[in-house]
Amino acid sequence: MARPRGKKRTAAQAAADESSKQEAAVKKPAARGRAKRAKSSTEPKAETEYFPEKRNLEDLWLSAFPVGTEWENIDKIKEFNWNFENLEKALEEGGDLYGKTVYVFGSTEPQLLDVNGESKIVLIPVVVAVDCPFPPSDKLGINSVQREKEEIVPMKEMKMAWVPYVPLEDRLSMIDRLKLKTKIFTLGCTQRRSALKHLKTERVKKYDYCMPYYMPLNPPEEEDDTVVNIIYPLEPPIVCDFDWEMDDYEDFSDEKIKDEVLPEDEKEKFKEYVKEKVRERKRELKQAKEARKKAIDDMDPKTKEAFENIKFYKFYPVKTPDTPDVSNVKAKYINRYYRHAHFLM
C-alpha cells in the first residue's frame, strides 16, 4: 500500500518555523563554566607607606671615618640614630662654613650617660670640620699612654685620604663638583675590616691611637708642657706623670715607695729612668720647635696666610627623642686638645 505523501509546507509556514527556532535559541541558557569570584568590598586596602625625606647633608657625619676608634667599637656608633643638624646648618647657606672648603673627620668619646633611666657607657660620635683652602694635613699622629713615643706617619700608610663628599641632591645629576658652592672633603679609610685578622696586632693597634696630625704655626701652650708620661717596667708597671718644673726627683721617688708601688731597692734606677724621659722630652720639644721654624721659613706666603687663618669646629650630636642627651659632655670637653691642634667652636 502506497505511503501517503506529506503535505508541502507553504512559504508562510517555513518562515514561522524559522522564527520559532530563533526564539528558542535566545531563551536557551548559556553553557555553564567556572564562575568568576567577585572581589569582596570588605577586604582592607593596602595603605601607602611614606618615608621621611632625607636631608641634603644627613649622611655627612657617617661619611667621615671615626679615626682613633677601636675597630670592634665602630659598629656601636650606629647604636643610636644620631643627628648632626648643627653641622649641616653650618655648611648650608647662612652658616659659618657656607661657601668655603671644608675637611671633615670623625672621632668618638665614650661616656657614661643616662639611657632610658639606666646608666650606660655610650660611644658618642664627634665630628671635626676644618676650614682650610687645602688639606690641613696628610699625616697621622699615633700616640697613647701605652706608647713611649709619638709616631708621625703618612695617611696613605694607614690607607686613609681626603675624599670629595657630594650632597644628596647633587649625586644623581651631572653637576660639576668643582662648581659646588661649598666644597666638602671627608677623611676616608679603605682598610677592609675582614683583612684585619691577617695583620699584626701592633699594626691594628695603630688605628686605635691615630689622629690627623696638624702642626700649627702658633702652637697652643699645652704643647710646650713640662709633663712627661712615665711607664716604668715593673710587674705591674708604674704608670704616672712627672712635671719637671713642679716635681722633685727625690720626693717623687719616695712618694712611690710610700704608696708601695716602687720597691725601695729600685729607687735609684727609677730616678734615672725618669730623668732620661725628661731629657728625651726636652730634646723632642727643641727639635719640634726647630722643625716648625724651618717649615714656616720655607712656606709659600699664601700657604702661610691660610695656615694662620685656619679654624677648627667641633660638633656633638643634637638631642632628639631617640638619642641620649650629650649637652653635659659637650660642656665638659669644649676645650679639649688633640695633640697638635686646638679645636675651636
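Visitor: How many salt bridges does a search of the whole structure find?

Guide: The search finds 18 salt bridges, and it should be said at the outset that this is a predicted model. The protein chain in which they occur has eight helices and twelve strands.

Visitor: What makes K205 and D208 a salt bridge?

Guide: The term requires a side-chain nitrogen of Lys or Arg within 4 Å of a carboxyl oxygen of Asp or Glu. The side chains of K205 and D208 meet at 3.6 Å, N to O, so the pair satisfies that cut-off. Both residues belong to helix α4, where, being three residues apart, they are separated by about one helical turn. In general, an α-helix has 3.6 residues a turn, so residues three or four places apart point the same way.

Visitor: Why is D208 called buried, and why is K205 called partly exposed?

Guide: Buried means under 20% relative accessible area, and partly exposed covers the range between that and 50%. D208 has a relative accessible area of 8% and therefore counts as buried, whereas K205, at 35%, is partly exposed. D208 is listed with V204, K206 and Y207 as the buried residues of helix α4, which covers residues 201-208.

Visitor: Which strands do the buried residues of α4 pack against?

Guide: They pack against β3 (139-142), β4 (151-154), β5 (160-165), β6 (183-189) and β7 (210-212).

Visitor: How do you know that K267 forms salt bridges with E250 and with D254?

Guide: The closest N and O atoms of E250 and K267 are 2.5 Å apart, and since the limit is 4 Å, this pair qualifies. E250 lies in helix α5 and K267 in helix α6 (residues 267-297), so the pair ties together parts that are 17 residues apart in sequence. For D254 and K267 the closest N and O atoms are 2.7 Å apart, which again falls within the limit. Here too the pair joins helix α5 to helix α6, so parts 13 residues apart in sequence are tied together. E250, D254 and K267 are linked with E268 and K271 in a network of salt bridges.

Visitor: Are K267 and its partners E250 and D254 buried or partly exposed?

Guide: K267, at 14% relative accessibility, falls under the 20% cut-off and therefore counts as buried. E250, with a relative accessible area of 32%, is partly exposed, and D254, at 33%, is partly exposed as well.

Visitor: Why is D251 called exposed?

Guide: D251, which lies in helix α5 (residues 249-258), has a relative accessible area of 52%, and because exposed means over 50%, the residue meets that criterion. D251 also belongs to a patch of negative charge on the surface, where it gathers with D248, E255, D259 and E260.

Visitor: What makes A306 a buried residue, and which residues is A306 in contact with?

Guide: A306, found in helix α7 (residues 301-308), has a relative accessible area of 13%, which is under 20%, so it counts as buried. Leaving aside neighbours within four places in sequence, A306 is in contact with P133 and F134. A306 and D131 are 175 residues apart in sequence, yet their C-alpha atoms are 9.5 Å apart in space.

Visitor: How much of the protein chain counts as buried?

Guide: Of its 345 residues, 37% count as buried. Among contacts between residues at least 6 apart in sequence, 69% join residues at least 24 apart.

How values were computed
Residues numbered from 1 in each chain as written. Predicted model: local features only at pLDDT ≥ 70, side-chain atom pairs only at ≥ 80, totals over all residues. Heavy atoms only, no water. Patch = residues over 30% accessible without salt bridge, like charges linked within 9 Å, V, L, I, M, F, W, Y side chains within 5 Å. Areas by Shrake-Rupley, 256 points an atom, 1.4 Å probe, with all protein chains shown as cover. Lys, Arg positive; Asp, Glu negative; His and termini not counted. Charge placed at Lys NZ, Arg CZ, Asp CG, Glu CD. Helix = DSSP H or I, 4+ residues; strand = E, 2+ residues; numbered from the N terminus. Buried < 20%, exposed > 50% of the residue type's maximum accessible area, 1.4 Å probe, protein only. Contact = heavy atoms within 4.5 Å.
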